[in-house]
Amino acid sequence: MSAISHFQRGAFALIFAVSACGDDNPARVECGTGTMLVDGECVTDATCGSGTVLTNGMCVPEGPTTSYRQIEHLARPGIAEALIITHAYLAGYNATAPSFAGAPAAAVDAITAEAKTVLKAIYLGSCLLNGLVGFTNPADGVKPAGLQCVAVGGNIFTNDNALTGTTLDPAVIDGAQAYADRVFSQFETDVMRIDTGVTSAYLTLCTAGAPSNAPLLCGGRTLTDDVIDITYFYLIAGAALPNGANTAPTIAQSVALVSDGVYFSPDPAEVQGELGTPDPTNPNQFHQSCDNCGPQEISGTFPYSAPPR
């Protein structure tokens with residue numbers, strides 16, 4: 001026999017030996033459905049319970065399934081919560097895109113109607129209180145969202161009486177509707193409109209390029225802005241003080257009318273400071289817990305939270 005034949009035999013033997021060593025199923029056993037090969041025998045597949053899955057003959061826990069659901073709009077705090085009363089409407093609104101894209105039309109109509117009803121009440125209440133605190137001329141009192149009240153005090157009613165009035169003057173109804181339509185379009189689409197041409201502060205209105213009869217808070221929000229107070233100031237007074245509000249006796253009434261009562265300034269009589277200029281030494285700000293805690297510091301790094309007191 002030639003040397004080449006011996007070499008070929010040795011090679012074939014080696015290949016066969018290596019193949020046999022790596023074969024876990026040398027007898028080529030075929031297992032049927034519902035069974036699996038274990039140590040050369042077909043055994044019944046394991047039945048795994050809920051939350052587990054069969055892997056290599058063992059029941060192992062399934063990996064967690066993560067899902068996400070939008071639960072809130074966060075551009076302007078307190079807007080939806082103040083204007084949408086029905087809990088189901090609020091939850092539905094917070095789950096939508098600001099444009100209401102994809103939301104059922106009937107639900108959007110119901111939410112819109114409820115929010116505008118609340119807005120009309122804000123307008124009527126502001127105009128009623130105008131007269132009750134002494135602003136008998138609509139031009140002198142607060143101007144909700146920049147709109148001058150059609151009438152003030154008891155004059156919003158057909159019988160001109162704040163105590164016994166039950167029927168609104170038709171012109172006042174139109175004024176309330178105009179206010180509700182404006183503010184809903186500005187705020188219930190809960191997005192921040194930023195005007196880079198103005199100072200960065202929540203109280204800042206749009207530049208002159210915006211329609212003169214439709215002001216809006218366009219300066220973004222800073223960490224020291226009292227956004228709730230400033231929002232009230234805009235919704236009730238159009239971010240402008242009533243004429244004569246800086247002199248007694250109207251000053252205290254004006255502050256009460258357009259503010260949430262948590263003053264920026266340590267002195268509530270400083271209306272201009274109270275309505276827009278942060279004062280870090282004021283314990284009413286930044287959730288301070290005592291009068292002598294000193295200024296509350298805000299971190300310069302994300303998430304910019306002040307340290308706990």
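Let's start at a cysteine: Cys218 is buried, with a relative accessible area of 5%. Keep in mind that this is a predicted model. Cys218 has a partner in Cys206, and the two form a disulfide with their sulfur atoms 2.1 Å apart. Both Cys206 and Cys218 lie in the loop between H5 and H6, so the pair ties together parts that are 12 residues apart in sequence. The two ends don't get the same burial label, because Cys206 has a relative accessible area of 23% and counts as partly exposed, while Cys218, at 5%, falls under the 20% cut-off for buried.

How many disulfides does a search of the whole structure find? It turns up four. Another of them joins Cys127 to Cys149, with an S to S distance of 2.0 Å. Here Cys127 sits in helix H4 (residues 105-132) and Cys149 in the loop between H4 and H5, so this pair ties together parts 22 residues apart in sequence. If you look at the torsion, you'll find -85 degrees about the S-S bond, which makes the link of Cys127 and Cys149 left-handed. As for burial, Cys127 and Cys149 are both buried.

Then there's the disulfide between Cys31 and Cys42, also listed with S to S at 2.0 Å. The pair links distant parts of the chain, 11 residues apart: Cys31 is in the loop between helix H1 (3-21) and strand S1 (35-38), and Cys42 is in strand S2 (residues 41-44). The link of Cys31 and Cys42 is left-handed, with -90 degrees about the S-S bond. Are these two cysteines buried or partly exposed? Cys31 has a relative accessible area of 26%, so it is partly exposed, and Cys42, at 36%, is partly exposed as well.

Now over to helix H6, which spans residues 227-237 and is mostly covered, with nine of its 11 residues buried. Among the buried ones are Val227, Asp229, Ile230, Phe233 and Tyr234. Just after H6, Gly238 takes a positive phi of about 65 degrees.

Tyr234 is a handy bridge to the next helix. What does the side chain of Gln186 make with the side chain of Tyr234? It's a polar contact, at 2.7 Å. Gln186 has its place in helix H5 (residues 170-188), so with Tyr234 in H6, this contact runs between the two helices. Gln186 counts as buried because its relative accessibility is 7%, under the 20% cut-off. Leaving aside residues up to four places away in sequence, Gln186 touches Arg76, Arg193, Ala214, Pro215, Leu216 and Tyr234.

H6 also shows up in the second largest pocket, which holds about 160 Å³ of space. Which elements give two or more residues to its lining? They are helix H2 (79-83), H4 and H6, and the largest share, five residues, comes from H6. The lining includes Ile228, Thr231, Tyr232, Leu235 and Ile236, along with others such as Pro77, Ile79, Leu83, Ile122 and Ser126. By type, the lining residues divide into nine nonpolar, three polar and no charged. Some lining residues are already familiar from H6: Thr231, Leu235 and Ile236 line this pocket and are also buried in the helix.

Key
Residues numbered from 1 in each chain as written. Predicted model: local features only at pLDDT ≥ 70, side-chain atom pairs only at ≥ 80, totals over all residues. Heavy atoms only, no water. Buried < 20%, exposed > 50% of the residue type's maximum accessible area, 1.4 Å probe, protein only. Helix = DSSP H or I, 4+ residues; strand = E, 2+ residues; numbered from the N terminus. Polar contact = N/O pair within 3.5 Å; in protein donor to acceptor, adjacent residues only side chain to side chain. Contact = heavy atoms within 4.5 Å. Disulfide = S-S within 2.5 Å. 1 Å grid on protein atoms, 1.4 Å probe; cavity = no way out; pocket = protein on both sides within 12 Å on 5 of 7 lines; lining within 4 Å. Points joined across faces, edges and corners; volume = space filled by probe spheres on them. Nonpolar A, V, L, I, M, F, W, Y, C, P; charged D, E, K, R; others polar.
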